[in-house]
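Work through the exercises below with the sequence and the model side by side. Try each task before reading its solution.

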Amino acid sequence: MLARAIVSCVVFFTCAVVATPADAAEMALVPVSASGPHTIVGNQIILHGADQIVTLEIRASDWQPWLIRSFEAAIDASGAASGDAGMLVPFGWDNVDTGSVCTDDLDCPEGWVCWRQEEGLAAGFCAGPNHHPEDGVFIDEAHPDYIFHGLGTLYGVDLSVWRPEYGGGFRYGASLLMSDGSVTYTPPPRYCGTLTLVAPPTVAGTFTMAFRGEPRTFLVDAITSYPYYNIIYPDLTPALITVNPAVCGNGICDSGEDASVCPEDCLPPPIPAASTWGLAVLGLLIVTLAKVYYARTRDPARAA
Ligand SMILES: [Ca+2]
């Protein structure tokens, strides 16, 4: 009995020790850029004026001591409607009517398409002729920080569901081929996918773009053997997208402002400095002289 208790303690203690570091595993949605004036502070991006395109990246980190073989990350679409006004829209979406149900383009208005990302999906929704969501929602295998960079993987993004009014969201997933094993964690936080959103002119306030939690977003560890892989549920960090209205006189050249509409905040286009002009003139002069010299030396009549 005593021996069994000791074994239990050892097993329990070991499990506790192993489990603790995994609690630090994190998956974060990180803002990386915007098409107009903006400020990024950690996981928050502040847009100075709406009508911008915002790029976010999914990053996984601190999964040691686990060895990762697969991941899945699901984005909660309801965040796109979580601001004070308006709705963020996935980049590449065109006239989407997520409330429609179709199985063929003929079910949609003329010129529209029946969008079904996954083959075999029973029904899709109608979208405009320029509907290309894959342009903004993707996994870039060539990204230098990609979690499985240089390794053989199966990967994909489920673009079929994005309905902020009903929940749902995009799902990103990738899995290493069995022959390529697993990956350890080394900084920087590892890239797992890109989410590009459009902030139309009508939006305002702070939008919280979050992951869908357990069991939708997870990492898969390869320490144990099939079919007993450990599923790790990382801490999930959302991205905050704050859209500040463009105000003339706030000291920021906001999106939609320029020197003609708001000279208080926006400087006129820079005039090239005198030294730049001087260099340009000198360069032209040298080229002209070189051409004249070349023409003279190549002219047989003059050479004779
Ligand atoms: Ca301004």
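The exercises go from the whole chain to its sheets and then to its cores.

The model is predicted: local features need pLDDT of at least 70, side-chain atom pairs count only at pLDDT 80 or more, and totals for chains, interfaces and linings use all residues. Residues are numbered from 1 along each chain as its sequence is written.

**Exercise 1. Describe the chain and the confidence of its prediction.**

Solution. Start with the elements: the chain has three helices and 18 strands. Helices (H or I, at least four residues) and strands (E, at least two) are DSSP runs, numbered from the N terminus.

Next, take the confidence. The pLDDT, the predictor's confidence in each residue from 0 to 100, averages 83 over the chain, and 79% of the residues score at least 70. Residues 1-22 have a pLDDT below 50, and this stretch has four contacts in the model beyond near neighbours in sequence. Two residues are in contact if their C-beta atoms, placed from the backbone, lie within 7 Å. Where pLDDT is low, the predicted coordinates should not be read in detail.

Last, look at the range of the contacts. Among those between residues at least 6 apart in sequence, 70% join residues at least 24 apart.

**Exercise 2. Trace the open sheet of four strands from edge to edge.**

Solution. The order is 2-3-18-14, with mixed pairing. Two strands pair if DSSP finds at least two bridges between them. The edges are strand 2 (38-41) and strand 14 (205-209), each of which pairs on one side only.

Step 1: strand 2 and strand 3 (residues 44-48) run antiparallel and are joined by four bridges. His38 stands opposite Leu47 in this pair. Two residues lie between the strands of this hairpin, where Gly42 takes a positive phi near 60°.

Step 2: strand 3 pairs with strand 18 in the parallel sense, over five bridges. Here Ile46 stands opposite Thr242.

Step 3: strand 18 (residues 239-244) and strand 14 run antiparallel, joined by five bridges. Gly205 is opposite Val243.

**Exercise 3. Which strands lie at the edges of the open sheet in the order 7-9-8?**

Solution. Strand 7 (97-102) and strand 8 (113-115) are the edge strands. The three strands of this sheet pair in the antiparallel sense. Strand 7 is joined to strand 9 (residues 124-127) by two bridges, and Asp97 stands opposite Cys126 of strand 9.

**Exercise 4. Find the pairing partners of strand 12.**

Solution. One partner is strand 5 (residues 68-74), which pairs with strand 12 (residues 171-176) in the antiparallel sense over five bridges. In that pair, Glu72 has Gly173 as its bridge partner. Another is strand 11 (residues 153-158), antiparallel to strand 12 and joined to it by six bridges. There, Leu154 has Ser175 as its bridge partner.

**Exercise 5. Which residues touch the most other members of the largest nonpolar core?**

Solution. First, the terms. A residue is buried if 20 or more other C-beta atoms lie within 10 Å of its own, exposed if 12 or fewer, and partly exposed in between, with C-beta atoms placed from the backbone. A nonpolar core is a set of buried Ala, Val, Leu, Ile, Met, Phe, Trp, Tyr and Cys residues joined through C-beta atoms within 7 Å.

Of the 304 residues of the chain, 29% count as buried. The largest core has 48 residues, and Ala199 and Ile241 touch the most other members. Strand 13 (residues 190-199) gives the most to this core, with six residues. Leaving aside neighbours within four places in sequence, the contacts of Ile241 include Ile45, Val54, Leu88 and Ala199. A second, separate core has six residues, among them Trp112 and Phe125.
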